[in-house]
Amino acid sequence: MALIEILMPQMGESVMEATIISWLKKEGEKVEMEEPLLEVATDKVDTEVPSNQEGIIKEFLAQEGDIVKIGSPIAILSTDISEMIIPQRETPVFAKTPEPVKAETKPRNNASTIPQPVIQPVTNRFYSPLVKNMVKEEGILLEDLERLQGTGKDGRVTKNDIIAYLSNKKQMQKPSATNGSQQSAYSGSIKTVIPPPIVGEEDEVIEMDRVRRIISDRMLESRRVSAHVHSFVEADVTKLVKWKEKVQENFQREFGVKLTYTPIIVEALAKAICDFPMINISVDGYKIIKKKHINIGIAVVLPNGNLIVPVIKDADKLDLVTLTKMVTDLAIRARSNQLTLDEISGSTYTLTNVGSFGSTMGTPIILQPNVAILAIGAIEKKPTVVETEEYGDIIAIRQRMTLSHSYDHRVIDGALGSMFVKRVSDYLEKFDDTRLV
């Protein structure tokens with residue numbers, strides 16, 4: 001009999017962990033090759049994971065609700081399919097009794113003894129490894145844990161139950177004004193202490209959902225990794241606006257999809273990347289990885305306010321009709337959580353449209369492992385100095401849009417970053433308004 005570890009598979013280029021939503025099989029059950037084994041969630045997509053082996057599930061190494069690193073073992077499979085079905089057992093919380101801790105004869109700094117969580121097998125109630133770790137880290141007493149009403153399957157306590165318990169506990173604790181209760185942050189070196197926000201009685205405390213937490217961590221990590229700098233160009237898109245207004249009715253009737261500005265800008269962006277291929281790179285330590293394919297990710301806002309970035313692969317090889325159909329299709333399926341892992345992976349450059357929400361410009365944070373991102377602002381009518389052969393310089397009303405380019409100064413200097421966004425602007429300003437599509 002051979003035992004095989006099932007590992008959490010790769011979920012995308014920048015995905016480092018995934019949350020187990022549910023197991024689709026039970027311990028002791030047979031699973032076929034490529035048969036769905038579990039459902040997982042990442043910061044990008046929820047999806048089913050198929051088994052890459054055939055056999056009998058001997059043991060789950062991770063429970064529903066656990067956050068698992070990519071490549072970590074999640075189950076053990078036996079290739080002996082003649083085995084009897086193994087009954088599923090519930091593991092008591094804190095199965096191992098820790099060694100007794102020796103009490104200090106003299107308390108440090110005359111501080112009172114802090115109560116520690118009771119860790120002993122006094123209950124048969126099941127707790128996942130994630131919940132156990134949270135209980136240990138937060139110092140939750142077992143008697144308090146036992147009183148919690150779980151919202152999980154069969155009344156199990158979940159991660160969200162622990163978060164809600166901690167949130168309610170913090171709201172009930174009033175801050176003390178006594179100076180003696182404040183501990184110094186100085187311990188040999190100066191540390192920055194950020195005071196917690198003051199929560200008023202009428203304020204509402206909202207816990208971040210899973211996706212928002214991951215977005216928060218990713219954005220902070222990107223700011224830490226990449227040296228963000230920004231360049232801005234204001235483009236005169238009057239010809240483009242007039243052309244779109246002229247052809248959009250026939251376009252929709254002929255191709256069955258509404259024409260928007262996003263695919264037109266993707267087309268210009270792909271051309272500019274072809275002109276400046278060193279924008280289409282990633283960084284690995286002191287190595288620069290020059291990408292062969294131009295894959296443009298487009299930020300899409302979901303109904304709950306979170307973001308997802310579907311990717312248009314080989315955008316430089318697609319015509320405007322195809323780009324329009326792909327942008328529309330990806331946006332619709334993104335908002336209904338129907339994208340595949342492949343459709344949200346592998347971007348080499350990112351586009352975000354802050355103008356759709358009324359903003360004239362923005363300074364977006366780079367989506368790792370890309371090294372640049374472009375934000376397009378709202379198109380506005382503005383008085384502009386225009387050169388004419390007959391009258392010289394005149395003031396005219398023109399349609400203008402601001403392009404905001406954020407890029408990683410580790411590998412992209414101001415000259416390249418500025419020339420690139422200016423080239424995108426040139427393609428938009430010199431748009432051929434005689435073209436049919």
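These are my notebook entries on a predicted model, covering its confidence, strands, cores and one helix residue.

**Ground rules.** I number residues from 1 along each chain as its sequence is written. The model is predicted, so I accept local features only at pLDDT of at least 70 and side-chain atom pairs only at pLDDT 80 or more, while totals for chains, interfaces and linings use all residues, and side-chain values use heavy atoms, with hydrogens and water left out.

**Confidence.** I began with pLDDT, the predictor's confidence in each residue, from 0 to 100. The protein chain has a mean of 83, and 82% of its residues reach 70 or more. Residues 84-122 fall below 50, and this stretch has 37 contacts in the model beyond near neighbours in sequence; a contact means heavy atoms within 4.5 Å. Residues 176-191 also stay under 50, with four contacts beyond four places in sequence.

**Open sheet.** For helices (H or I, at least four residues) and strands (E, at least two) I took DSSP runs, numbered from the N terminus. Two strands pair if DSSP finds at least two bridges between them. I found an open sheet of four strands in the order β1-β8-β6-β3, with antiparallel pairing. Its edge strands, β1 (3-7) and β3 (30-31), each pair on one side only. Between β1 and β8 (residues 73-78) I noted five bridges, and Leu-7 stands opposite Pro-73 in β8.

**Hairpin.** Next I looked up β18 (residues 380-388) and β19 (residues 392-408), an antiparallel pair with nine bridges. Three residues make the hairpin connection from β18 to β19. Thr-388 faces Gly-392 in β19.

**Cores.** I counted as a nonpolar core a set of buried Ala, Val, Leu, Ile, Met, Phe, Trp, Tyr and Cys residues joined through side-chain atoms within 4.5 Å. Buried is under 20% relative accessible area, exposed over 50%, and partly exposed in between (1.4 Å probe, protein chains only). The largest core holds 54 residues, and Leu-269, Phe-420 and Leu-428 are among those with the most contacts inside it. Helix α6 (residues 261-275) gives the most to this core, eight residues. Apart from it lies another core, of 19 residues, including Val-31 and Leu-77. Back at Leu-428, I listed its contacts more than four places away in sequence, among them Val-237, Ile-264, Ala-268 and Met-401.

**Arg-335.** I closed with this residue of helix α7 (residues 320-335). Arg-335 is partly exposed, at 45% relative accessible area. Leaving aside neighbours within four places, Arg-335 is in contact with Val-300, Val-301, Leu-302 and Pro-303. Leu-307 is 28 residues from Arg-335 in sequence and 9.5 Å away in space, C-alpha to C-alpha.
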